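Q: Could you take a close look at one buried serine and the helix around it? I'd like to hear what it touches and how that part is packed.

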Amino acid sequence: MSAFGNDWTLRQALIALDYTKEVERIEEAEKIAKQSHKLRQEYIDLLSPFDGKPINEIPLDILEKASSAMKQAQRLDKKWSKLMGVEG
């Protein structure tokens, strides 16, 4: 397009493409953040009935479910960080 003297149109098309990609990236990040939040809430809901009790009084299946939810949330957090460019 540049060879035809239409640099402005090309720049506008590239800007629109960049904008669309950015919106899609942000929407994906929001989706990941919501999933991570849901898993953390599941973790809290599973363990809150046992608040203040020794860990050995928590049923093993509850501990395993809570651990799994937290691990999944942490994986999603890493994915979110990478997507948003804030790895650290």
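A: Let's start with S36, which counts as buried because its relative accessibility is 4% (buried means under 20% relative accessible area, exposed over 50%, partly exposed in between, with a 1.4 Å probe and protein chains only). Before going on, a word on the source: this is a predicted model, where local features need pLDDT of at least 70 and side-chain atom pairs count only at pLDDT 80 or more, while totals for chains, interfaces and linings use all residues. Residues are numbered from 1 along each chain as its sequence is written, and side-chain values use heavy atoms, leaving out hydrogens and water.

S36 sits in helix α1 (helices are DSSP runs of H or I, at least four residues, and strands are runs of E, at least two, numbered from the N terminus). Leaving aside residues up to four places away in sequence, S36 touches A73, L76 and D77; contact here means heavy atoms within 4.5 Å.

S36 has company: the buried residues of α1 are A29, I32, S36, L39, L46 and L47, and they pack against α2. The axes of these two helices, α1 and α2, come within 8 Å and cross at roughly 160° (axes are lines fitted to C-alpha atoms, for helices over the stretch in contact, and angles run from 0 to 180 degrees between N-to-C directions). That makes α1 roughly antiparallel to α2, a label for angles over 145 degrees, with under 35 roughly parallel, 65 to 115 roughly perpendicular and the rest oblique.

Now for the nonpolar cores, meaning sets of buried Ala, Val, Leu, Ile, Met, Phe, Trp, Tyr and Cys residues joined through side-chain atoms within 4.5 Å. The largest has six residues: L46, L47, F50, I58, I62 and A66. Two elements, α1 (7–47) and α2 (60–84), give two or more residues to this core. One of its members, L46, touches I62, K65 and A66, again not counting residues up to four places away in sequence. There's also a second, separate core of five residues, with I32, L39, A69 and L76 among them.

As for α1 itself, its 41 residues should span 60 Å at 1.5 Å a residue, and that agrees with its end C-alpha atoms being 60 Å apart; the expected span is 1.5 Å times one less than the number of residues. For contrast with S36, try D18, which also lies in helix α1: D18 is exposed, with a relative accessible area of 52%.
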